[in-house]
Amino acid sequence: MSDCLFCKIVAGDIPADIIFEDDKVIVFKDINPKANVHLLMIPRIHIASLAELTEEHDALMAHMMRLLPVLAHEQGLDSGFRTIINTGKDGGQIVFHLHIHLLGGSGLPGFA
Ligand code: 5GP
Ligand code: ZN
């Protein structure tokens with residue numbers, strides 16, 4: 001998707017503070033962090049949102065889920081962390097390339 005912000009990060013056309021990447025995902029710091037640790041995990045392939053997932057994405061999604069606690073541990077979040085997936089306009093999604101927020105540490109806001 002040529003007009004997708006996160007596809008441009010995948011392509012290297014827009015800089016990002018990347019902290020992890022493999023053949024399936026990229027993880028980078030959120031530009032407007034809501035907590036001491038605020039990372040975004042995205043698939044390399046363009047999927048607009050959770051609502052667009054199909055069975056062909058099952059292995060990818062499992063990979064992403066299993067990576068999250070590993071990354072949280074690497075960030076020192078051993079007493080807990082929060083993951084958020086905003087879906088659709090009314091779900092607060094602003095960037096329509098599937099992403100998982102990983103938040104933790106000091107400054108983690110209440111869930112309200
Ligand atoms: P959403 O509301 O779609 O779940 O969250 C989008 C997130 O992307 C926001 O937390 C926002 O701060 C972050 N974001 C938007 N543009 C950029 C960017 O260009 N670079 C990075 N690193 N994060 C971005
Ligand atoms: Zn995209």
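Where is Ala11 found? Ala11 sits in helix H1, and that helix is a handy place to start walking through this predicted model. Ala11 is exposed, because its relative accessible area is 52% and the bar for exposed is over 50%. Looking from there to Ile31, you move 20 residues along the chain, and the two C-alpha atoms are separated by 18 Å.

Now stay in helix H1 and turn to Phe6, which also has its place there. Phe6 is a buried residue, with a relative accessible area of just 5%. Its C-alpha lies 7.8 Å from that of Ile42, although the two residues are 36 apart in sequence.

Next comes the metal. Which residues coordinate the zinc ion (ligand 2)? Cys4 and Cys7 each offer an SG atom, while His46 and His97 each offer ND1, and the distances run from 2.0 to 2.3 Å. Written along the chain, the donors have the spacing C-x2-C-x38-H-x50-H. The two histidines tie together distant parts of the chain, 51 residues apart: His46 belongs to the loop between strand S3 (37-43) and helix H2 (58-74), and His97 to the loop between strand S4 (82-84) and strand S5 (100-104).

Why does the arrangement around the zinc ion (ligand 2) count as tetrahedral? The 4 donor atoms subtend angles of 106 to 116°, and the rule asks that all angles lie between 85 and 135 degrees. For reference, the ideal angle for four tetrahedral donors is 109.5 degrees.

How about the accessibility of those ligating residues? His97 is buried, at a relative accessible area of 0%. Cys4 counts as buried too, with 7% relative accessibility, and so does Cys7, at 15%, since buried means under 20%. His46 is partly exposed, because its relative accessibility is 26%. As for bonds between cysteines, the model has 0 disulfides.

From the metal, let's move on to the largest pocket, which has a volume of about 490 Å³. Its lining is made of 23 residues, and those nearest the centre are Phe6, Asp30, Ile31, Asn32 and Leu40. Which elements give two or more residues to this lining? They are helix H1 (5-11), strand S2 (25-29), S3 and S5. H1 provides the largest share, at 3 residues. In chemical terms the lining divides into 13 nonpolar, 6 polar and 4 charged residues. So Phe6 turns up again here: this buried residue of helix H1 is among those nearest the centre of the largest pocket.

Strand S2 deserves a look of its own, and Phe28 is found in it. Is Phe28 buried or exposed? Phe28 counts as buried, because its relative accessibility comes to 3%. Measuring C-alpha to C-alpha, Phe28 and Met41 are 6.7 Å apart in space, with their positions 13 residues apart in sequence.

Finally, step back to the loop between strand S1 (18-21) and S2, where you'll find Asp23. Unlike the buried Phe28, Asp23 counts as exposed, with 61% relative accessibility. Asp23 and Arg44 are 21 residues apart in sequence, and their C-alpha atoms are 7.7 Å apart in space.

Note on methods. Residues are numbered from 1 along each chain as its sequence is written. Chains are lettered from A and ligands numbered from 1 in the order in which they are written. This is a predicted model: local features need pLDDT of at least 70, side-chain atom pairs count only at pLDDT 80 or more; totals for chains, interfaces and linings use all residues. Side-chain values use heavy atoms; hydrogens and water are left out. Donors are N, O and S atoms within 2.8 Å of the metal (3.2 Å for Na, K and Ca); water is not among the atoms, so sites may look incomplete. Four donors count as tetrahedral if all angles lie between 85 and 135 degrees; four count as square planar and six as octahedral if opposite donors are over 155 degrees apart and all others between 65 and 115; anything else is irregular. Helices (H or I, at least four residues) and strands (E, at least two) are DSSP runs, numbered from the N terminus. Buried means under 20% relative accessible area, exposed over 50%, partly exposed in between (1.4 Å probe, protein chains only). A disulfide is a pair of cysteine sulfur atoms within 2.5 Å. On a 1 Å grid over the protein atoms alone, a cavity is a set of points where a 1.4 Å probe fits but cannot get out, and a pocket is an open set with protein on both sides within 12 Å along at least five of seven lines; lining residues have an atom within 4 Å of a point. Grid points are joined across faces, edges and corners, and a volume is the space filled by probe spheres set on the points. Ala, Val, Leu, Ile, Met, Phe, Trp, Tyr, Cys and Pro count as nonpolar, Asp, Glu, Lys and Arg as charged, and the others, Gly among them, as polar.
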